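Let's take a friendly look at a ligand and the protein residues around it. Have the sequence and the 3D view open as you read.

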Amino acid sequence: MTDDTQLAEGWPPGRGYLLNHSAGLPPRDAAAALSEGLFGPWVASDDQVWVHWMKAFDRFRAALGEVINHEAAMICPQPSVTSGLSHVLNAMPADPRRNRLLIAERAFPSLGFVLAIAERRGFELVIIPESANTLDPDVWERYLDERVHCVVFTHVHSNTSECHDTAKLAELARNCGAISVVDVAQSIGVRPVDARRWNADFIVGSCIKWLCGGPGAGFIWVNPERLAACEPTEVGWFSHSNPFEFDIHHFEYAGDALRFWGGTPSVAPALVAAHAMESLLEVGLGHIEDHNRRLLKALCGEVNPQWLVSPIAPAAQGGTVVLQLGERQDRFAESLRGAGLQFDVRKEGIRLSPHFYNDGQDIARVVECLP
Ligand SMILES: Cc1ncc(COP(=O)(O)O)c(C=O)c1O
């Protein structure tokens, strides 16, 4: 199937919607899928309501496993990327000789907040300044030494759309004995996330953006080699090896990544995200990436190269085009708004991100707005 209209069949028209870096559009039948999965078991007056709800998490983890090329057992649902990082940081045994936490200034601030709070526990936060080119692995190598406990990499930066060679960075971290955590919030669904190939220690992400899965569907992936050493401090009956044992004197970590879970989990986000991922997997993630790249190429070919904040080289290019027109920025934004296009603005530039349900007409409308 190559016809875009056909491919986008399950989705709302979405014409002019270029905010996929923020919240991808759910499939047209998302509300029905949510209603059926969440309320269906209640309406049926079924006394096995949790048995039905648990299926949402099985579907969520299975679909995500396919998306990131790894086992569902190594994935744990989380409310957000931030909570994923916090859980990971608290779970890993600390080595008093290694107290540094490393992150780039361009990373999403929420993750920096988690690391900064960890200073209260004796860690020292080191931030690679915005002026450094984090696409260059040598820059990271300069900071990665025997003092680094944990390093947070961002696969694609949200405000510049720079895509990093995560496999290379994870290797550098491993070579210096640091724990690597990769944030894929801004790439998953539009650029390949390959847990097996990258061989990082942890991946944290969410489904709200390119996976069209709505808010609340975050996750942790843990490398099986690291699992046994993980002792999460935020626990609950769902992180117990036998949640339905109900013995207050006995807690044993779940044998898989669910040890990162906690108390009663939120069913609704898992249902919406599982449904969206299953639908996108049918479309094909390869097609989604190719389509996005085609539209980015069409747009980048029409703009003054000096306005481009986001990279143009395919290996370094995330799914978003970021444009900075200087003095003409406000007028450009006004024209885009006037044309009914949906986008947002950061200090780095105007962000425009086409999904597979966007088409050449959306790009033509953006181009018409250029000064
Ligand atoms: C790269 C990146 N990481 C993390 C987040 C947010 O994560 P959370 O799920 O904690 O809100 C965003 C949100 O835009 C992001 O772009």
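## Who surrounds the ligand

In this predicted model, the ligand has these residues around it: Ser 80, Val 81, Thr 82, Phe 108, Thr 154, Val 156, Ser 158, Asp 183, Ala 185, Gln 186 and Lys 209. Sort that shell by character and you get 4 nonpolar, 5 polar and 2 charged residues.

## Polar contacts

Now zoom in on the ligand's oxygen atoms. Thr 82 brings a polar side-chain atom to 2.4 Å from a ligand oxygen. Gln 186 also uses its side chain, with a polar atom 3.0 Å from an oxygen of the ligand. With Val 81 it's the backbone that takes part: one of its polar backbone atoms is 2.9 Å from a ligand oxygen.

How much of the ligand does the protein bury? On its own, the ligand exposes 400 Å², and the protein buries 82% of that.

## The pocket it sits in

So where is the ligand in all this? Look for the largest pocket, as that's where the ligand sits. The space in this pocket comes to about 510 Å³. It is lined by 35 residues, and those closest to the pocket's centre are Phe 108, Ser 158, Ala 185, Gln 186 and Lys 209.

Two helices are worth finding here: H4 (81–91) and H5 (109–117) are the elements giving two or more residues to the lining. H5 gives the most, with 3 residues. As for character, the lining of the largest pocket splits into 11 nonpolar, 14 polar and 10 charged residues.

Technical notes
Residues numbered from 1 in each chain as written. Predicted model: local features only at pLDDT ≥ 70, side-chain atom pairs only at ≥ 80, totals over all residues. Heavy atoms only, no water. Near = heavy atom within 4 Å. Polar contact = N/O pair within 3.5 Å; in protein donor to acceptor, adjacent residues only side chain to side chain. Areas by Shrake-Rupley, 256 points an atom, 1.4 Å probe, with all protein chains shown as cover. 1 Å grid on protein atoms, 1.4 Å probe; cavity = no way out; pocket = protein on both sides within 12 Å on 5 of 7 lines; lining within 4 Å. Sits in = over half its atoms within 2 Å of the grid points. Nonpolar A, V, L, I, M, F, W, Y, C, P; charged D, E, K, R; others polar. Points joined across faces, edges and corners; volume = space filled by probe spheres on them. Helix = DSSP H or I, 4+ residues; strand = E, 2+ residues; numbered from the N terminus.
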